[in-house]
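Please open the structure in your viewer and keep the selection tool at hand, since this tour moves from the whole chain to a few chosen parts.

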Amino acid sequence: MAAVDAILADRLGLDPSTIGAGFVPRAVRHRMKAVGLDDLEAYAALARSSEAELQELVEEVVVPESWFFRDLLPFQFLKRHARSGWTARPGRGAIRVLSIPCAGGEEPYSIAVTLEEAGLPPERCRVDAVDVSAQRLAMARRGVFSRNALRGTRPDVVARWFREQPDGFQIIDSIRRRVHFRLGNILDSKLLADEPPYDVIFCRNLLIYLSAAARAAAATVLDRLLDPDGVVIVGHADPIAAPGAASRLTLAAEPGAFAFRRRAQNVEPVPTPPPIAPLPAFAFTPFHVQDAKVEVVAPPPSPLAAEVDARPLLEQAAEHANRGRHGQALACCEAQIRLKGPSAPAFALMGGIHQAAGRRTQAESCFNKAIYLDPDHDEALLALALLAERRGDSAAASGFRRRADRALKNQGATTHE
């Protein structure tokens with residue numbers, strides 16, 4: 001399997017340890033059966049010599065997980081950014097936005113809707129969308145989506161931007177025409193070389209799956225594609241700097257949007273803060289049921305609480321995590337738990353941090369604690385579904401996805417502004 005891992009690393013920059021030990025072998029077995037081979041070395045030779053077969057293998061390995069207006073805050077930021085920088089300045093040229101990877105089109109269409117709602121007509125915005133999967137691009141161009149891709153979207157929003165079809169929900173033509181799809185690879189040094197730089201780049205939930213060398217190559221491409229005054233938006237677990245390296249980026253919005261812009265050249269990087277003072281050991285406290293109410297028994301407040309930074313600890317944790325400082329991020333989460341007691345947001349964030357660091361067992365444990373504290377924590381449920389899927393437990397994955405769907409319904413259809 002090492003030969004196939006090397007092929008995928010060369011094409012995708014994939015770090016196999018980030019997607020589960022059984023994921024690539026299952027994909028390879030499926031392709032070997034499809035081409036009638038039972039010898040792994042023979043299949044590796046075929047994948048090396050046949051571009052068509054390598055693309056088929058890529059299609060098996062790339063398993064996108066996306067939905068409309070995913071995580072919400074990045075799109076709220078984009079709307080404000082577009083309104084202040086373009087809607088309020090009618091003489092300015094079109095805003096250029098890139099979605100990479102774009103999967104089945106959920107993200108770039110969400111971007112197009114957001115720009116429409118920001119008051120920008122088609123001629124004042126350009127949305128490009130790139131992915132390595134030809135099959136996903138074909139689905140994206142068609143613009144028909146399952147109800148699952150619309151989870152959490154209010155019925156009135158669905159009615160405005162989609163038309164129900166026998167096989168799903170189709171994005172309306174005026175939005176579909178705004179997005180330009182193309183096949184491409186973020187590791188290609190010449191990617192989009194014929195295009196001007198972008199004002200906003202969405203590159204979410206990709207860097208976490210790349211090897212260190214591939215992340216560096218991807219960062220070089222993103223740096224070339226980003227306008228000097230542009231903003232890049234990453235996923236909550238995506239490292240934006242190599243471990244121990246100072247990032248060239250600084251926060252451009254609230255931490256939850258994970259939006260960054262280039263740091264001014266004459267501004268020194270923010271120094272790494274000193275470690276948080278040690279706090280008493282924390283033991284996870286289970287639920288106690290009293291008078292038919294579920295409550296959490298929290299530890300007593302720490303006498304060191306006054307010494308902790310006044311900023312919300314989870315915001316500090318998110319910022320550290322986004323800069324690849326996993327140890328400091330976890331320390332902030334643990335301090336939050338010791339000071340305030342166990343909470344689903346803290347454990348969910350810890351799960352994402354462990355996942356970014358490649359510690360799947362610890363990530364799964366934290367996500368399970370999050371849903372123990374909050375059974376309707378849809379992000380933790382979806383993270384557990386993806387982890388289960390990657391270890392080959394399709395039944396567990398389906399169960400977590402069903403629970404996530406129910407959780408979103410229980411929350412009363414939360415969506416974008």
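Begin with the whole protein chain selected: of its 417 residues, 49% count as buried, and you should keep in mind throughout that the model is predicted. If you colour the chain by secondary structure, there are 16 helices and 12 strands to find. With the surface switched on, you are looking at about 19400 Å² of exposed area, of which carbon and sulfur atoms supply 54%. Among the contacts between residues at least 6 apart in sequence, 72% join residues at least 24 apart.

**A pair of helices**

Select next residues 40–49, which are helix 3, together with residues 51–61, which are helix 4. How do the axes of these two helices cross? They come within 5 Å and cross at roughly 110 degrees, and helix 3 and helix 4 are therefore roughly perpendicular to each other. To see where they touch, show the side chains of Tyr43, Leu46, Ala47 and Ser49 in helix 3, which meet Glu51, Glu53, Leu54 and Leu57 in helix 4. The residues of this contact divide into five nonpolar, one polar and two charged.

**Around strand 5**

Move on to strand 5, residues 168–171, and add strand 3, residues 144–145: the two run antiparallel and are joined by two bridges. If you pick Val144, you will find that its bridge partner in strand 5 is Gln170. Now add strand 4, residues 162–165, which pairs with strand 5 in the antiparallel sense over four bridges. In this pairing, Phe162 stands opposite Ile171 in strand 5. Following the chain from strand 4 to strand 5, you pass through a hairpin with two residues between the strands.

**The seven-stranded sheet**

For the last stop, select the seven strands that form an open sheet, and trace them across in the order 6-2-1-7-8-10-9, noting that the pairing is mixed. Which strands lie at the edges of this sheet? They are strand 6 (179–183) and strand 9 (249–251), each of which pairs on one side only. As you rotate the view, compare each strand with its neighbour: neighbouring strands of this sheet are turned by 25 degrees against each other on average, direction ignored.

Finally, zoom in on strand 1, residues 95–99, and strand 7, residues 198–203, which pair in the parallel sense over three bridges. Here you can pick out Leu98, whose bridge partner in strand 7 is Ile201.

Definitions and conventions. Residues are numbered from 1 along each chain as its sequence is written. This is a predicted model: local features need pLDDT of at least 70, side-chain atom pairs count only at pLDDT 80 or more; totals for chains, interfaces and linings use all residues. Side-chain values use heavy atoms; hydrogens and water are left out. Buried means under 20% relative accessible area, exposed over 50%, partly exposed in between (1.4 Å probe, protein chains only). Contact means heavy atoms within 4.5 Å. Accessible areas come from the Shrake-Rupley method with a 1.4 Å probe; for residues, only the protein chains shown count as cover. Axes are lines fitted to C-alpha atoms, for helices over the stretch in contact, and angles run from 0 to 180 degrees between N-to-C directions. Angles under 35 degrees count as roughly parallel, over 145 as roughly antiparallel, 65 to 115 as roughly perpendicular and the rest as oblique. Ala, Val, Leu, Ile, Met, Phe, Trp, Tyr, Cys and Pro count as nonpolar, Asp, Glu, Lys and Arg as charged, and the others, Gly among them, as polar. Two strands pair if DSSP finds at least two bridges between them.
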